[in-house]
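Hi everyone, thanks for making room for me today. I'd like to walk you through one protein chain, so please have a look at it on the screen before I start talking.

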Amino acid sequence: MEGEIRAVGGREGLQQFVNMRTNCEDPLCEDVEMETDDYGTGGLKDEEGEGEGDGQAAFLSPSDKSGGGEAGDVVFSREAPLLSKDDPRITSTGCGCSAKKLKSRMAVADFELRRKDRNGHDKKLCRQDRIELGRMFQSAVSSHDWELAESLIMLADPQTLNDALCISLDSIWFLSTQQELHGITTLMKKVIFQGAYDFTRAALRTSFLASCVSACQSRTMSLADTVTVMAQRLHERLQECNGDEVLKAEAGAKVQKFTEWALKCIGFHSRCQGSRDRVSQSSAVEIQLQLSAFKTFLDLAGNHLTGKDFTEAFDAACFPLTLFSSSFDPGWASGISATAIQGLLGMLVEGGADNVNQCFLEASRFGSTELVRILLQIAQRNSLDVDVDLALGFASHYCKIGTMECLVEEGNAIAFLGPLMRAAERGCMQVVQWFVQRGCRDMELCLALTAATSSSQVGIAAYLLPHVPQHVLAALSIEILKAAGERSGGSLDGVAFLLRSDFLGDPAATYAVADSIARSDDEAVAPELRAFLREHWSEAAFLDGLRREQDHYVNVMRILKRGGSPISLCLRDLPAPLRTAITYLPLYRECVENGGRLLSQRLRGQLVEAARRLGGNTEPMDEAVAASQGGGRDLLVVLEHYLPPFLLRTGGDVA
């Protein structure tokens, strides 16, 4: 599972991450730069176009790059519109629409004459002609001038026909009437009849656009705000991915360009519908019209679209929803805004898309809860298997709490153990608390405690310890410490925390478990753990503490007897509390800093000897009696009694 999480993070050079692969063989990806004309018409232009930079290339496939180096399928143009808003021929008439149609037809006639002058009756168009023809076709489709659009089709060469198919298909996500549906479907049929063949590019491009349209309807925010949200989210996603920084930058730039193109296209259609810089909310009837148009396209494409095409289109549709996930209203997936994307994804699955589970895992990883909800519904309707337990692991690994709730409540994910243990190992308190509050089995809690202990996640261990029943801890105490030591990676702070916390609830039992492991010759016990327990928590460590403190007392007495000096203050002349402080303050501070309910056996041995000396008892204290007394904290009270108050600990009890 952990390896799988890392694999999704890397995604083999990020091509899988963006879901629209950045190499030039992908029909969606080409080095392009978006521009928009005064009317907000979104388009794409070649970055390398020096002399021909006025054109705008669409999402190109390699098959479109033919014909004497004249690469570029035209979707929109950034040249001046056919008619300016201030054109006197519009403002002087009573019907601007009729004047615009008249002007458009004049432009078409002029275009045909100029083309014949340059090429005779040759059907092949030069790059500039394709740019101009595509621009006029876009204008005709946007204004629903089907007659003009059909006349332009007759002038197009095969490459421009492919652009016309894309433009026609893109417009279906803005249909609002039955007449518009009839017009656009008729137009698509004629474009295909005339020779358009690039169904793959059209399907991928329109799937990406449809997803953006649906996402932008999630809230009544301006498109400018949407661009900001998208850019920020894309940056976050790239930062979360492993991989080469240069490739990440290239992938990010390309994805952002395509998304900006989609948003500009949406903005243009929104303004055409009278919604100034806002995304209009489609009604249920309008959405059905749009889905009907897409179904018509699929029927027209027939066997020209392969299972791979449907799979990549599914990728293209899912990707923008992860970018916009932070702007979704809760429950968006069940509302009217998501109906179109639900229908689109459903048709792509019926066509042969086989990557529902992959997109489901990606959405879970990046916390796209609403997309996760949609994909769960699609999987259920089509009897597809999606790995909800693995998805829960991804969501919890990246602390996507909302997605985790969706996967458990709606996806019926039940595999808590793996995600809980990994969260405990990483010290992710929010995720650990979420799982515990959801209800975990005793053994799951015990294993999570072991994971936190082995990783020295003391805060997590402190949270989990009260939730593990004492009888479970008692039965597995040795195995817990052995496992934690084996997986500790060099730090035994977690093991020390459990012992200091008296994790068995009985000092004698806790000391006995530590001593048992310290004296064990079991090869399964990590050498570092055995050495640590032998030095600090075994009965031998207690005896060593007694001897250390006895030696320390002897050394202090020698200093007191030989401490006279003509130039220094004799220690014997100091007040008794100060002499005690000089002798025992280091031990006191070490005991206080260790914290917890129990002191290590070594410290406890030292305290036993110190308390005996301070109490004036010259006879050795019975070690068995000392061992039966608490965890050594009671002996600190004896030490504090003889120390000056200003040297004592502050801030309350150390336990």
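**Salt bridges, helices and a pocket**

Let me begin with one residue: Arg 441 is exposed, because its relative accessible area is 58%, and the cut-off for exposed is over 50%. Keep in mind throughout that this is a predicted model.

Now, who does Arg 441 pair with? The partner is Glu 444, and the closest N and O atoms of this salt bridge are 3.0 Å apart. Is Glu 444 buried or exposed? Glu 444 has a relative accessible area of just 5%, so it counts as buried. If you're wondering about the general idea, side chains of opposite charge can pair when their charged atoms come close.

Let's step back to the chain as a whole. It has 655 residues, and buried ones make up 54% of them. In terms of elements, you're looking at 31 helices and two strands. The accessible surface comes to about 28,100 Å², and carbon and sulfur atoms account for 51% of that. Then there are the contacts: take those in the chain with a separation of 6 or more, and 76% of them are between residues 24 or more positions apart.

Back to salt bridges. How many does the structure hold? The count is 18. Here's another one: Lys 308 with Glu 312, where the closest N and O atoms are 3.5 Å apart. Both residues sit in helix α13, which runs over residues 307–323, and they are four residues apart, about one turn of the helix. Lys 308 has 56% relative accessibility, so we call it exposed. Glu 312 has 12%, so that one is buried.

Next, a pair with both partners buried: Asp 198 and Arg 201. They form a salt bridge with their closest N and O atoms 3.3 Å apart. And there's a third member, since Asp 163, Asp 198 and Arg 201 are linked in a network of salt bridges.

Arg 201 brings us to helix α9, which covers residues 199–216. Let's check its length. At 1.5 Å a residue, its 18 residues should span 26 Å, and the end C-alpha atoms are 26 Å apart, so the two agree. And where does α9 sit? Well, 18 of its 18 residues are buried, so the helix is largely enclosed by the rest of the structure.

Let's zoom in on a couple of single residues. Gln 342 is in helix α14, residues 339–351. Its relative accessible area is 13%, so it is buried. What is Gln 342 in contact with, if we leave aside neighbours within four places in sequence? The list is Ala 333, Ile 374, Gln 377 and Ile 378.

Then there's Ala 526, which lies in the loop between α25 (507–519) and α26 (527–536). It's a loop residue, but Ala 526 is buried, because its relative accessible area is 10%. Not counting residues up to four places away in sequence, Ala 526 touches Gly 485 and Glu 486. You can also look at Ser 488: it is 38 residues from Ala 526 along the chain, and their C-alpha atoms are separated by 9.4 Å.

While we're on loops, two serines deserve a mention. Ser 383 has a positive phi of about 55°, although it is not a glycine. You'll find Ser 383 in the loop between α16 (369–381) and α17 (388–397), and at 67% relative accessibility it counts as exposed. Ser 456 isn't a glycine either, and it has a positive phi of about 60°. Its place is the loop between α21 (442–454) and α22 (458–464).

Last stop, a pocket. The second largest pocket has a volume of about 270 Å³. It is lined by 14 residues, and the closest to its centre are Val 556, Met 557, Leu 560, Arg 579 and Thr 583. Which elements give two or more residues to that lining? They are α27 (539–562), α28 (576–594) and α29 (601–614). The largest share comes from α28, with six residues.

That's my tour, thanks for listening!

Terms used. Residues are numbered from 1 along each chain as its sequence is written. This is a predicted model: local features need pLDDT of at least 70, side-chain atom pairs count only at pLDDT 80 or more; totals for chains, interfaces and linings use all residues. Side-chain values use heavy atoms; hydrogens and water are left out. A salt bridge is a side-chain nitrogen of Lys or Arg within 4 Å of a carboxyl oxygen of Asp or Glu. Buried means under 20% relative accessible area, exposed over 50%, partly exposed in between (1.4 Å probe, protein chains only). Contact means heavy atoms within 4.5 Å. Accessible areas come from the Shrake-Rupley method with a 1.4 Å probe; for residues, only the protein chains shown count as cover. The expected span of a helix is 1.5 Å times one less than its number of residues. On a 1 Å grid over the protein atoms alone, a cavity is a set of points where a 1.4 Å probe fits but cannot get out, and a pocket is an open set with protein on both sides within 12 Å along at least five of seven lines; lining residues have an atom within 4 Å of a point. Grid points are joined across faces, edges and corners, and a volume is the space filled by probe spheres set on the points.
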